[in-house]
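I opened my notebook to get to know a new structure. Here is what I looked up, entry by entry.

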Amino acid sequence: MRLYLSLSQAVAALSLSTLGGLAPSKCLSSSQMTSASHFGYGSVNTPGSGYVLLHHVMGETDGDRGIWSYVEGGMGSVSLAISKAAQEAGAHIVTGAEELVPENVLPNDFLHAVKNLDYSSGTTKINLAVKSLPQFRCCNLCHPDAGPQHMGTIHIGSESMEEIDSACQDAVNGLPSRRPIIEMTIPSVLDKTISPPGKHVINLFIQYTPYKPSDGSWEDPAYRESFAQRCFMLIDEYSPGFSSSVIGYDMLTPPDLEREIGLTGGNIFHGAMGLDSLFLMRPLKGWSNYRTPVQGLYLCGSGAHPGGGVMGAPGRNAAHEVLKDFKELKPLK
Ligand SMILES: Cc1cc2nc3c(=O)[nH]c(=O)nc-3n(C[C@H](O)[C@H](O)[C@H](O)COP(=O)(O)OP(=O)(O)OC[C@H]3O[C@@H](n4cnc5c(N)ncnc54)[C@H](O)[C@@H]3O)c2cc1C
């Protein structure tokens with residue numbers, strides 16, 4: 001317990017700005033730090049953002065720590081693979097259930113605590129189809145083929161901690177960032193199954209966009225279009241001609257993520273990963289053991305410890321608890 005407290009206290013105390021002093025260059029540090037701001041309206045000065053950065057780099061791919069991967073066929077391939085394995089093992093999967101847990105079976109204090117969790121989010125996703133790959137000014141290259149510069153995460157508009165902070169402050173004031181922080185990925189340079197030859201798929205992970213902006217509405221097509229164009233024009237600064245390469249796009253603001261994917265508040269991690277919602281406090285104090293007040297109902301997703309991301313850890317931990325409970329069950333006669 002003593003180790004847990006000292007580690008969590010140390011990590012939690014770190015904010016992006018504290019960590020920034022340790023990084024080798026201003027530009028490198030701020031691009032790394034965007035990962036640390038993936039919670040609610042987290043900014044460079046928010047305590048706990050250091051933990052969120054650790055959360056993003058503690059995983060590994062094929063033994064290489066901190067490396068992220070693309071999934072062939074798109075992210076849906078992960079869910080399909082899991083559902084196939086589960087069904088082969090005898091699981092029965094229900095989708096689109098009207099009501100997973102009726103409210104009246106949960107104790108009031110539990111219900112109240114869940115409803116008061118922080119589901120704030122400043123994330124918008126834009127998925128694009130483009131007719132050519134972006135050519136970046138900084139790479140001084142001009143050929144249509146994919147190069148290493150297209151294969152990782154491309155950070156746009158986060159050249160300094162101040163820039164990230166200023167983008168966040170806009171959202172705190174109720175406005176979509178005037179210069180949004182954009183993380184671009186182009187999975188089709190590695191995965192030929194998701195776009196026709198010569199064309200590409202681009203994903204933009206964008207911060208910060210308030211759920212309910214004070215200067216307009218995400219329901220208004222003109223307002224939506226103007227924000228999308230703001231993002232494309234920012235990319236044009238780094239990659240001239242990007243806007244004119246766009247064939248079409250789909251934009252998911254926080255209310256869209258809530259409506260279409262079922263993410264409360266549009267929060268990408270099923271609840272913000274602030275200091276008050278980590279470790280023994282996730283999802284709620286007293287309920288970090290994957291069980292719920294309903295016997296036989298377990299939590300296995302991002303709302304449970306250790307939190308969001310396509311990492312499988314909450315599911316693995318929950319499965320261990322289920323197995324423990326099964327072992328304690330008396331065999332039926
Ligand atoms: C825009 C965006 C970008 C992200 N980027 C990354 C990234 O780059 N890397 C990363 O690791 N993570 C990323 N994440 C986070 C990651 O996607 C989530 O943490 C992860 O998918 C959570 O997995 P889960 O199984 O807990 O829940 P989910 O993937 O949300 O799955 C929950 C499922 O339950 C279903 N469901 C909900 N209600 C019902 C019901 N009543 N009946 C039946 N089914 C129901 C939903 O339809 C959904 O399929 C991102 C998330 C978003 C939104």
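**Notes on the core, the ligand and one glutamine**

I began with the largest nonpolar core of this predicted model, which has 41 residues. Ile182, Met184, Leu204 and Cys231 touch the most other members of this core. I then looked up where the core residues come from. Helix H4 (49-57), helix H7 and helix H8 (221-238) each supply at least two of them. So do strand S3 (123-130), strand S4 (154-156), strand S5 (181-185) and strand S6 (200-207).

Next I picked Leu204 and asked which residues it touches. Leaving out residues up to four places away in sequence, I found Lys125, Ile126, Leu128, Ile182, Met184 and Cys231.

My next entry is on the ligand. I found 19 residues around the ligand, and the closest are Ala97, Ile268, Gly301, Gly308 and Gly309. By class, I noted 9 nonpolar, 9 polar and 1 charged residues in this shell. Where does the ligand lie with respect to domain 2 and domain 3? It lies between them, because domain 2 (123-261) and domain 3 (271-333) both give residues to the shell.

Then I turned to Gln169, which I found in helix H7 (residues 161-172). Is Gln169 buried or exposed? It is partly exposed, because 14 other C-beta atoms lie within 10 Å, and a buried residue would need 20 or more. I also saw that Gln169 and Ser43 are 126 residues apart in sequence, yet 8.2 Å apart in space, C-alpha to C-alpha.

Last, I looked at the protein chain as a whole. I noted 10 helices and 7 strands, and 30% of its 333 residues count as buried.

Note on methods. Residues are numbered from 1 along each chain as its sequence is written. This is a predicted model: local features need pLDDT of at least 70, side-chain atom pairs count only at pLDDT 80 or more; totals for chains, interfaces and linings use all residues. Helices (H or I, at least four residues) and strands (E, at least two) are DSSP runs, numbered from the N terminus. A residue is buried if 20 or more other C-beta atoms lie within 10 Å of its own, exposed if 12 or fewer, and partly exposed in between; C-beta atoms are placed from the backbone. A nonpolar core is a set of buried Ala, Val, Leu, Ile, Met, Phe, Trp, Tyr and Cys residues joined through C-beta atoms within 7 Å. Two residues are in contact if their C-beta atoms, placed from the backbone, lie within 7 Å. A residue is near a molecule or strand if its C-beta atom, placed from the backbone, lies within 6 Å of it. Ala, Val, Leu, Ile, Met, Phe, Trp, Tyr, Cys and Pro count as nonpolar, Asp, Glu, Lys and Arg as charged, and the others, Gly among them, as polar. Domain bounds come from an automatic or database domain assignment.
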